[in-house]
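Visitor: I am new to this structure and would like a close look at a single part of it. Please choose one strand and take me through its surroundings step by step.

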Amino acid sequence: MCGRYATTRARQELLDEFQVQLDAVDGDIQADYNVAPTKQVPVVLDRRPKDEPDEAPAVRQLRTVRWGLVPSWAKDLSIGSRMINARAETVHEKPSYRRAFARRRCLLPADGYFEWYTLQDQGDGPDPAEGEKKAKKKPQKQPYFIRPQDGAVMAMAGLYELWKSPEDEWVWTCTVITTDAPDDLGRIHDRMPMVVEPDRWDAWLDPALTDTEQVRGLLVPAMAGTMDAYPVSKAVNNVRNNGPELIEPASSGDGSGDNSEGLF
């Protein structure tokens, strides 16, 4: 599961990095060090402009969309909070995702993502009553920030959809595709976002590429040893906290920040 990440690249950097032809973002793109579901997030996609003829070529666009995919048939937006991730193994066949997988693929730029590692209790003692008390406690979890070792932008594979509200307004939504984490990251969490390498960006975004097997062939899990992972402050647990300090390595024993219930 990927339920929190950071995206801090400047607007112009994204336009240049992904060779965007149409900047379709209204307003500013603010650095976000604690992206959570239902937030507006930057995405890159290829799409034929509205009102252009069917034979018109797709144009690469930068947009901001709501994280949490809402299928066109959904009755309301609330379903999106349960559809922030789609599994790479089954995304092509699930009714909620298969149409988007065929034609509405996108990339979500990120600096890295957060995962929570369950800490093992180191304080076992001879007292059975004490052991039983500890067993009833909620397990402690340590947040980690995971990012590419080379510092490059992390282009997470995603899908987008357009949902029409009862007020006849179009809402753009998206989901992040996840895959098995390699061994060096699997000790923290067994899943991670699917990262699309730059040489596959064009094919992944191409809405004319609809062959399921060809598209699935573009999804290659990250190799072991390509990502850095380090513990960060528990301040990230609270979605209200936001700033560069959230992705800084934590000091030994750092328990700072509001440890209120998060997404994990």
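Guide: What follows is a walk around strand E11, with a look at the pockets and at another sheet afterwards. Please keep in mind throughout that this is a predicted model.

Strand E11 covers residues 170-180, and it is mostly covered, since nine of its 11 residues are buried. Its pairing can be followed one neighbour at a time. With E10, which spans residues 154-164, strand E11 pairs in the antiparallel sense over seven bridges, and one place to see this is Trp-163, whose bridge partner in E11 is Val-171. The two strands E10 and E11 form a hairpin with five residues between them, and in the turn of that hairpin Asp-168 has a positive phi of about 65°.

A further antiparallel neighbour is strand E12, made of residues 191-193, which pairs with E11 over three bridges; here Thr-179 stands opposite Met-192 in E12. Other partners of E11 run in the parallel sense. Strand E6, residues 85-87, pairs with E11 in this way over three bridges, and Asn-85 stands opposite Val-176 in E11. Strand E5, residues 59-67, also pairs with E11 in the parallel sense, over two bridges, and there Trp-67 has Cys-174 as its bridge partner.

Cys-174 deserves a pause of its own. How many disulfides does the model hold? The count comes to zero. Cys-106 is in no disulfide, and the nearest cysteine sulfur to its own, that of Cys-174, is 5.5 Å away, while a disulfide would require the two sulfur atoms to be within 2.5 Å. Cys-174 is likewise in no disulfide, with the sulfur of Cys-106 as its nearest cysteine sulfur. Cys-106 is buried, with a relative accessible area of 0%, and Cys-174 is also buried, again with a relative accessible area of 0%.

From the strand we can turn to the space beside it. The largest pocket holds about 730 Å³ of space. Of the 27 residues that line this pocket, the closest to its centre are Arg-47, Arg-48, Arg-104, Tyr-160 and Leu-162. Strand E11 is among the elements that give two or more residues to the lining, together with strand E4 (40-47), strand E5, helix H2 (98-103) and strand E10. The hairpin partner E10 gives the most, with three residues. By kind, the lining of the largest pocket divides into 13 nonpolar, three polar and 11 charged residues.

The second largest pocket has a volume of about 360 Å³. It is lined by 20 residues, of which Pro-148, Asp-150, Val-195, Glu-197 and Thr-226 lie nearest its centre, and this lining divides into 14 nonpolar, two polar and four charged residues.

To finish, there is a sheet to set beside the pairings of E11. This open sheet of five strands has the order E3-E1-E8-E9-E13, with antiparallel pairing. Strand E3 (32-35) and strand E13 (227-231) stand at its edges with a single partner strand each, so one side of each is left without a neighbour in the sheet. Neighbouring strands of this sheet are turned by 25° against each other on average, direction ignored. Within the sheet, strand E1, residues 5-7, and strand E8, residues 112-118, pair in the antiparallel sense over two bridges, and Ala-6 stands opposite Gly-112 in E8.

Terms used. Residues are numbered from 1 along each chain as its sequence is written. This is a predicted model: local features need pLDDT of at least 70, side-chain atom pairs count only at pLDDT 80 or more; totals for chains, interfaces and linings use all residues. Side-chain values use heavy atoms; hydrogens and water are left out. Buried means under 20% relative accessible area, exposed over 50%, partly exposed in between (1.4 Å probe, protein chains only). On a 1 Å grid over the protein atoms alone, a cavity is a set of points where a 1.4 Å probe fits but cannot get out, and a pocket is an open set with protein on both sides within 12 Å along at least five of seven lines; lining residues have an atom within 4 Å of a point. Grid points are joined across faces, edges and corners, and a volume is the space filled by probe spheres set on the points. Helices (H or I, at least four residues) and strands (E, at least two) are DSSP runs, numbered from the N terminus. Ala, Val, Leu, Ile, Met, Phe, Trp, Tyr, Cys and Pro count as nonpolar, Asp, Glu, Lys and Arg as charged, and the others, Gly among them, as polar. Two strands pair if DSSP finds at least two bridges between them. Axes are lines fitted to C-alpha atoms, for helices over the stretch in contact, and angles run from 0 to 180 degrees between N-to-C directions.
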